[in-house]
Amino acid sequence: MAQSSEPIIRFEGVTKRFDDDTTVLNGVSFEIERGKFYTLLGPSGCGKTTILRLIAGFIQPTEGNIYFNGKLINDIPANKRQVNTVFQDYALFPHLNVFENVAFGLRIKKMKNDAVKQKVTEALRFVNLEGYETRGIHEMSGGQRQRVAIARAIVNEPEIILLDEPLSALDLKLRTEMQYELRELQRRLGITFIFVTHDQEEALAMSDEIFVLNEGSIQQSGTPTDIYDAPINRFVADFIGESNIVPGRMKEDYLVEFAGRSFECVDGGLLPDEPVEVVIRPEDLEITAPELGKLQVRVDTQLFRGVHYEISGYDDAGNEWLVHSTRKAVVGERIGLAFDPEAIHVMRFGETEEEFDKRLEEYEEVGDE
Ligand SMILES: Nc1ncnc2c1ncn2[C@@H]1O[C@H](COP(=O)(O)OP(=O)(O)OP(=O)(O)O)[C@@H](O)[C@H]1O
């Protein structure tokens, strides 16, 4: 295909305001590559569903442009886009059986009966629902309805499937099963999936790429490990997993000061004496005897979490530290905390992803000279 090097979707400075002048998306730009599993992650009201609706064509941008395979699609109506949506409540037709629910889109296109039968059978096989053709929707479980909704989307052979919190109605166990199933299905189909969730664990487990959103802007985009290991700012560090975030100061490249001491780290490219925020994940801290630790902490609370203990305490500078450890501590006692230079991640206050990328580029250019 001639257009295959183009991103399948590109947003260029897309702003969405509703009639009452509330800005829901604020100049958002991103690219979606073909065949990957993307997740839009963020708290309630941050604009995730609005992005899906813009891609589907249910609403139009107030400013900016949306491209599909390199072609501007701002004014292309929803029914002319090769995109299908799986909604949170599945939006299945209660009066139609499983077969007719899946066949619905094909019937509208006036496809011949034989072809409909073949395509619906194939779609139902894909989601493991062969033999359920004549069942009523009310006779299906939550997980099965979910699969009918997915079969109804894939039967149209769209280039993109949009999934708006499709697992939120399921209980925890089924939800985990469906996470595997959806991920596997996406791999087998090779169709681009754009999945919306406010659940960070779900996003980390399922995605090739995650966009973290807050208040109508993309805070950070990247693979789950990029985002977990190198959050761009406090919002992302707080939203994805648990973090210790303490104030610090850059002394020079690869040397950062916090909790009253200097520590080797792997981050550079900041100005000497620049105030920063330092992130260390609780599982990267190891409990030692006080004199062997890089930091000393008095244990304040301890909770047993089955696999590990969740221990919190304060260092002498008054910073709180959360530790996940298989070793037990004693409340009120002093412990040492050991960690590798790689465990320290330094963030510049309030920096956006764009500013970070620019800084990194300049830093690497200087390094190459
Ligand atoms: N048609 C509309 N008119 C006015 N405001 C709207 C409209 N649709 C959405 N909004 C507002 O836009 C903001 C973002 O909504 P959106 O549905 O995109 O959020 P979300 O991130 O998907 O949230 P949730 O996880 O709660 O679904 C919300 O504050 C919402 O109230």
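**Exercise 1. Find how far apart the end C-alpha atoms of residues 9-240 lie, and how much of the span is helix and strand.**

Solution. The end C-alpha atoms of residues 9-240 lie 25 Å apart, and the span is 36% helix and 25% strand. Helices (H or I, at least four residues) and strands (E, at least two) are DSSP runs that are numbered from the N terminus. UniProt, in an unreviewed entry, places the feature "domain: ABC transporter" at residues 9-240; UniProt positions are given in the numbering used here, feature names are shortened, and annotations may be inferred rather than shown by experiment. The model is a predicted one, in which local features need pLDDT of at least 70 and side-chain atom pairs count only at pLDDT 80 or more, while totals for chains, interfaces and linings use all residues. Residues are numbered from 1 along each chain as its sequence is written.

**Exercise 2. Describe the protein as a whole: its secondary structure, its spans along the principal axes and its domains.**

Solution. Begin with the secondary structure, which comes to nine helices and 20 strands. Next, the C-alpha trace spans about 75 × 50 × 40 Å along its principal axes. Of the 369 residues, 33% count as buried, where a residue is buried if 20 or more other C-beta atoms lie within 10 Å of its own, exposed if 12 or fewer, and partly exposed in between, with C-beta atoms placed from the backbone. Finally, the domain assignment, which is automatic or taken from a database, gives domain 1 (2-229) and domain 2 (242-368), and 38 Å separate the centres of these two domains, taken over C-alpha atoms.

**Exercise 3. List the residues around the ligand and state which helix gives the most to this shell.**

Solution. A residue is near a molecule if its C-beta atom, placed from the backbone, lies within 6 Å of it. The residues found around the ligand are Phe18, Thr22, Val24, Gly42, Ser44, Gly45, Cys46, Gly47, Lys48, Thr49, Thr50 and His198. Sorted by kind, three are nonpolar, eight polar and one charged; here Ala, Val, Leu, Ile, Met, Phe, Trp, Tyr, Cys and Pro count as nonpolar, Asp, Glu, Lys and Arg as charged, and the others, Gly among them, as polar. Helix 1 (residues 48-56) gives the most to the shell, with three residues. The buried residues of helix 1 are Lys48, Thr50, Ile51, Leu52, Leu54 and Ile55, and just after this helix glycine 57 takes a positive phi of about 90°.

**Exercise 4. Work out the strand order of the open sheet that contains strand 11, and follow its pairing.**

Solution. Strands of a sheet pair through backbone hydrogen bonds, either parallel or antiparallel. Two strands pair if DSSP finds at least two bridges between them. This open sheet of five strands has the order 13-12-11-14-20, with antiparallel pairing. Its edge strands, each pairing on one side only, are strand 13 (261-264) and strand 20 (345-348). Within the sheet, six bridges join strand 11 (residues 244-252) to strand 14 (residues 275-280), and proline 247 stands opposite glutamate 277 in strand 14. Four bridges join strand 12 to strand 13, which run antiparallel, and leucine 255 has glutamate 264 in strand 13 as its bridge partner.

**Exercise 5. Is alanine 259 buried or exposed, and where is this residue found?**

Solution. Alanine 259 is found in the loop between strand 12 (255-258) and strand 13, a hairpin with two residues between the strands. Alanine 259 has a positive phi of about 50° although it is not a glycine. Alanine 259 is buried, because 20 other C-beta atoms lie within 10 Å.

For comparison, take asparagine 69, which is found in the loop between strand 4 (63-68) and strand 5 (71-72) and has a positive phi of about 50°, although it is not a glycine. Asparagine 69 counts as partly exposed, because it has 17 C-beta neighbours inside 10 Å.

**Exercise 6. Describe the hairpin of strand 1 and strand 2.**

Solution. Strand 1 (residues 9-17) and strand 2 (residues 23-32) run antiparallel and are joined by six bridges. The bridge partner of arginine 10 is glutamate 31 in strand 2. The hairpin has five residues between the strands, and aspartate 21 takes a positive phi near 75° in it.
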